[in-house]
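Visitor: Could you take me through this model and tell me what stands behind each label you use?

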Amino acid sequence: MTEQQPQPHHQSQRFERGTDGPKVIVVGVDGSESSLRAAAYASGLARRQNALLAIVYVQPVMSAGATFGAPVADTTGEIAEGLVAEIRAAAERVRGIWDVRWEFHTFRGDPYAGLVTAADELTADAVVVGASESAGHRIIGSVAVRLVKAGRWPVTVVP
């Protein structure tokens, strides 16, 4: 009778999402009330899971003709700076009570493509977004719906 030796267990080199809970949670922010609620919700998830909170602002890209000479890059840069200041202030208010590891990232493009790029590059385990506040999204689909349909990450939509 031959005794079988156990085969050595080799870990897969492939990235495995969410097996022990999320390690990276991406949250999309744009300054809207729903996106700020999503950021608050995601920070609670990150704190409880000891995950990295990747806060993502997607700078819209507009054609030169659509801007009518307005400095769009400066405006979206100011929005990003304002969001970072707001996030830092919120993190400072809860320092010592709750500790959340967080990073702020900006990407360029439309919100859906920017969040997909962010989630891919940051190897996100979960994506959190605010519910759309635009009536037009009922026709063309909101960013949240498109992320859910992509089926690549668990997506939480915060009202």
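Guide: Here is a short tour, label by label.

Visitor: What kind of model is this, and what is left out of the side-chain values?

Guide: This is a predicted model, where local features need pLDDT of at least 70 and side-chain atom pairs count only at pLDDT 80 or more, while totals for chains, interfaces and linings use all residues. Residues are numbered from 1 along each chain as its sequence is written, and side-chain values use heavy atoms, with hydrogens and water left out.

Visitor: What is the mean pLDDT of the protein chain, and where does pLDDT stay under 50?

Guide: pLDDT is the predictor's confidence in each residue, from 0 to 100. The chain has a mean of 77, and 67% of its residues reach 70 or more. Over residues 9-13 the value stays under 50, and the model has zero contacts there beyond four places in sequence; a contact means heavy atoms within 4.5 Å. Where pLDDT is low, the predicted coordinates should not be read in detail.

Visitor: How many helices and strands are there, and how do you know where they are?

Guide: There are six helices and five strands in the protein chain. Each is a DSSP run, numbered from the N terminus: H or I over at least four residues for a helix, E over at least two for a strand. Along the sequence they follow the pattern β-α-β-α-α-β-α-β-α-α-β.

Visitor: What span is expected of helix α1, and what does the helix reach?

Guide: The expected span is 1.5 Å times one less than the number of residues. Helix α1 (residues 33-49) has 17 residues and reaches 24 Å from its first C-alpha to its last, close to the expected 24 Å. Its buried residues are Ser34, Ser35, Ala38, Ala39, Ala42, Gly44 and Ala46, and what covers them includes β1 (24-28), β2 (52-59), β4 (126-130) and β5 (155-158).

Visitor: Why is β1 called largely enclosed?

Guide: Buried means under 20% relative accessible area, exposed over 50%, and partly exposed in between (1.4 Å probe, protein chains only). Five of the five residues of β1 meet the buried label, so the strand is largely enclosed by the rest of the structure. Val24, Val26 and Gly28 point one way, Ile25 and Val27 the other way. In the whole chain of 159 residues, 36% count as buried.

Visitor: How do you know that β1 and β2 pair?

Guide: Two strands pair if DSSP finds at least two bridges between them. β1 and β2 have five bridges, in the parallel sense, and Val24 stands opposite Leu52 in β2.

Visitor: What makes a group of residues a nonpolar core?

Guide: A nonpolar core is a set of buried Ala, Val, Leu, Ile, Met, Phe, Trp, Tyr and Cys residues joined through side-chain atoms within 4.5 Å. The largest one here has 19 residues, and among those with the most contacts inside it are Val26, Val56, Leu115 and Trp153. β1, β2, α4 (111-121), β4 and α6 (143-150) each supply at least two residues of this core, and α4 gives the most, with five. A second, separate core of 18 residues includes Val29, Ile55, Tyr57 and Val84.

Visitor: Why is the meeting of Arg152 and Asp120 called a salt bridge?

Guide: The label asks for a side-chain nitrogen of Lys or Arg within 4 Å of a carboxyl oxygen of Asp or Glu. Arg152 and Asp120 meet at 2.5 Å, N to O, and form a salt bridge. A search of the whole structure finds one. Arg152 lies in the loop between α6 and β5 and Asp120 in helix α4, so the pair ties together parts that are 32 residues apart in sequence. Arg152 has 39% relative accessibility and counts as partly exposed; Asp120, at 30%, counts as partly exposed too.

Visitor: What is the phi of Asn50, and is Asn50 buried or exposed?

Guide: Most residues other than glycine have a negative phi, and most peptide bonds are trans. Asn50 has a positive phi, near 55°. Asn50 sits in the loop between α1 and β2 and is exposed, because its relative accessible area is 57%. Thr123 also has a positive phi, near 45°; Thr123 lies in the loop between α4 and β4 and is partly exposed at 34%.
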